[in-house]
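Colleague: Could you take me through one part of this model in close detail, and then show me how that part sits in the rest of the fold? I would like one connected account, please.

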Amino acid sequence: LLLGVSGTSIEKNITLDSATRIELSCRLDNKYSHLKSLQVIWKRGNETIRHINKTENSWSIQLRILDNSNLGSYSCTLKGEEISALFHLQVPTIEGKEKPIVSYEGDTAVMICKSFGYTPVAWTWYVTNGSEQIAINDSLLADKYAINRISANVTHLKILKLTKEDNGVYWCEAAFELGKSKGKLSLKVLSFMVPLKPFLAIVAEAIILVTIVFLCEIYSKKKEKRAVEVWILTSLSYSKSEESNGLENSSTRHRKI
């Protein structure tokens, strides 16, 4: 439906998995129903499509979609009004997982891809190596990979005995009659030391704190010991001074007599 607002464009995605006939139609909003001699141009990409079926304020094209060369973007534009609609003909999209899958060294990671409402002819898994996508052959690498088609629309990839080298991007590819579609997944493999780091940090802080307290205790005891020694020395010195003064006084008195 062309809404009749100049400069606007309406977009619609159309999903196709097998060969078919379809009709794309653009109908002008009733706001423009009184206008005569309106002209609509249909295009596939930049190529004009001439065979147009027209009824009252409605324009349509019929297409035979036999392979992926017939897919792409088709548009209808109301000439002189800058009003258009865009149809994207595409194969079904594959649902992967946006967030990375996180696992640990030595564990098993399971990746899942789904195709909703459409059944692929076949599934293929790939691992990214630099700029290349390398197909995973689980029959040759049975000790590392296991690929299972859980149902017609779901596939699983198991990666066994994870190592740091398994980090990276993986792709699942669904093959349909009209073409192929891919889903992207990421895997992050962590060392077992990673979850221990916060605990080790806490232990280190506790050890440092205990060490500081212990040193403070030692320092405090040494300080107390020194204070006692100083007090004893002072007391002894004072006692000797008293004794000395006593002797002097006694001697003085004796002389006076």
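**A close look at Lys144**

Modeller: Happy to. Leaving aside its neighbours within four places in sequence, Lys144 is in contact with Lys158, Ile159, Leu160, Lys161, Leu162, Thr163 and Asp166. Please keep in mind that this is a predicted model.

Where does Lys144 lie? Its place is the loop between β12 (132-135) and β13 (145-151). The relative accessible area of Lys144 is 18%, and since buried means under 20%, this lysine counts as buried.

One of the contacts of Lys144 has a polar side to it: a polar atom of the Lys144 side chain lies 3.0 Å from the backbone oxygen of Lys161. Lys161 itself is found in the loop between β14 (154-159) and β15. Is Lys161 buried or exposed? At a relative accessibility of 58%, Lys161 is exposed, whereas Lys144 is buried. The backbone of Lys161 deserves a glance too, as its phi is near 45°, a positive value in a residue other than glycine. For context, most residues other than glycine have a negative phi.

Now let us step out to the strands around these two loops. β13, which follows the loop of Lys144, pairs with β14 in the antiparallel sense over 5 bridges. Within that pairing, Ala146 has Lys158 of β14 as its bridge partner, and Lys158 is also among the residues in contact with Lys144. Both strands belong to an open sheet of 3 strands, in the order β10-β14-β13, with antiparallel pairing. Its edge strands are β10 (109-114) and β13, each of which pairs on one side only. From one strand to the next, the twist averages 20°.

The other strands that flank the loops, β12 and β15, lead to another sheet. This one is open, has 5 strands in the order β9-β16-β15-β11-β12, and its pairing is mixed. At its edges are β9 (101-104) and β12, each pairing on one side only. On average, neighbouring strands of this sheet are turned by 35° against each other, direction ignored. So the loop of Lys144 runs between an edge strand of the 5-stranded sheet and an edge strand of the 3-stranded one.

Inside the 5-stranded sheet, β15 (residues 168-176) and β16 (residues 179-190) run antiparallel and are joined by 9 bridges. There, Gly168 stands opposite Leu187 in β16. Another lysine to look at is Lys182, which lies over the face of Tyr126, 4.7 Å from the ring centre.

For the wider setting, the protein chain has 1 helix and 16 strands. Of its 257 residues, 28% count as buried. Among contacts between residues at least 6 apart in sequence, 65% join residues at least 24 apart.

Away from Lys144, how many aromatic pairs does the structure hold? There is 1 aromatic pair. Trp42 and Phe87 form it, stacked at 5.9 Å centre to centre with 20° between the planes. This pair links distant parts of the chain, with Trp42 in strand β3 (residues 40-44) and Phe87 in strand β8 (residues 83-90), 45 residues apart. Trp42 is buried at a relative accessible area of 0%, and Phe87 also counts as buried, at 8%.

Terms used:
Residues numbered from 1 in each chain as written. Predicted model: local features only at pLDDT ≥ 70, side-chain atom pairs only at ≥ 80, totals over all residues. Heavy atoms only, no water. Helix = DSSP H or I, 4+ residues; strand = E, 2+ residues; numbered from the N terminus. Buried < 20%, exposed > 50% of the residue type's maximum accessible area, 1.4 Å probe, protein only. Polar contact = N/O pair within 3.5 Å; in protein donor to acceptor, adjacent residues only side chain to side chain. Contact = heavy atoms within 4.5 Å. Pairing = 2+ DSSP bridges. Axes fitted to C-alpha atoms, helices over the stretch in contact; angles between N-to-C directions. Phe/Tyr/Trp six-rings, centres within 6.5 Å; stacked < 30°, edge-to-face > 60°. Lys NZ or Arg CZ within 6 Å of the ring centre and 35° of its normal.
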